[in-house]
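Okay, thanks for coming, everyone. Let me put the structure up, and then I'll walk you through a few spots in it.

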Amino acid sequence: PISEVINKSRFITLFAMGLNGAVVATLDPTLEYRLDGEPFNYNSSLVGLVFMASSLSYTLTSIPTGYILDIYKGNSGVFKTVQGLGFVTLMLCFALLGPVEIKGLSQGFNNVPSGWIAMILKGVGSTGNNACYPDLVIGVADKDERMHATISGLWNAVYAVGWAIGPLIGGAMYQNLGFSGYATACAAISGATAIVLFVASVPSISGYLNNKVQPRVGFQIVGDDEEAPYSDAGNVLEVEEEKDLDL
């Protein structure tokens, strides 16, 4: 049952992951309109090149991000912090790309270099989603294949839903707000989500630094009545179940 899978920690992670996919996907139907006008005046080939730059930045930053996640394996606070930093980067992306409707900034950012920097930041911001799956499987025994399969299915489904509704939302926002207004709204949503993730990560990070962790405060809940055991360093230890799993 889904009720056995979803807890506070996983809900926050899944929600943020779906929102990340949706926010990024809003650019699919809208970015060409921005790059077609001043100061870019790009044709379709150059628009494709801009998207490629974003994908390359995602590829290059995924490697060091994965390395960092492996170092802090099992620490939900670190994973949520990485997700939060991804949303901060997306906030900067949309602020530059819009440019954001703030007096003084809208004129200063309305140039070609800002647009390219924004799309590179888009790729970096998407890297934050790499922290989602390891966060979702904290406290799940390696032998529990059914739980891993369920979480994997949810992970893919949530991101797919976000990616599917993103273009629809982006098109509607562009039609009603214009590109600058739409980008400002996306920047605000990204910033607000980053704050939520940072707040959710604080108890776990504090516990890691103090070598004490209180799972329920830090959303480190394995089940309704079971808390994940922690090592002296504050990381979640692997839960080894002695009983046979009902697969």
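Let's start with Arg 34, which sits in helix H3, residues 31–36; helices here are DSSP runs of H or I, at least four residues, numbered from the N terminus. Before I go on: this is a predicted model, where local features need pLDDT of at least 70 and side-chain atom pairs count only at pLDDT 80 or more, while totals for chains, interfaces and linings use all residues. Residues are numbered from 1 along each chain as its sequence is written, and side-chain values use heavy atoms, with hydrogens and water left out.

So, what is the nearest side chain of opposite charge to Arg 34? That's Glu 38, 8.5 Å away, and Arg 34 is buried yet has no salt bridge. Buried means under 20% relative accessible area with a 1.4 Å probe, protein chains only; a salt bridge needs a side-chain nitrogen of Lys or Arg within 4 Å of a carboxyl oxygen of Asp or Glu. Lys and Arg count as positive, Asp and Glu as negative, and His and the chain ends aren't counted. Leaving aside neighbours within four places in sequence, Arg 34's contacts (heavy atoms within 4.5 Å) include Phe 40, Leu 97 and Phe 179.

Next, Met 119, over in helix H7. Met 119 is buried, at a relative accessible area of 1%. Its C-alpha is 7.0 Å from that of Ala 53, though the two are 66 residues apart along the chain. Setting aside residues up to four places away in sequence, Met 119 touches Leu 27, Val 50 and Leu 97, among others.

How values were computed
Helix = DSSP H or I, 4+ residues; strand = E, 2+ residues; numbered from the N terminus. Buried < 20%, exposed > 50% of the residue type's maximum accessible area, 1.4 Å probe, protein only.
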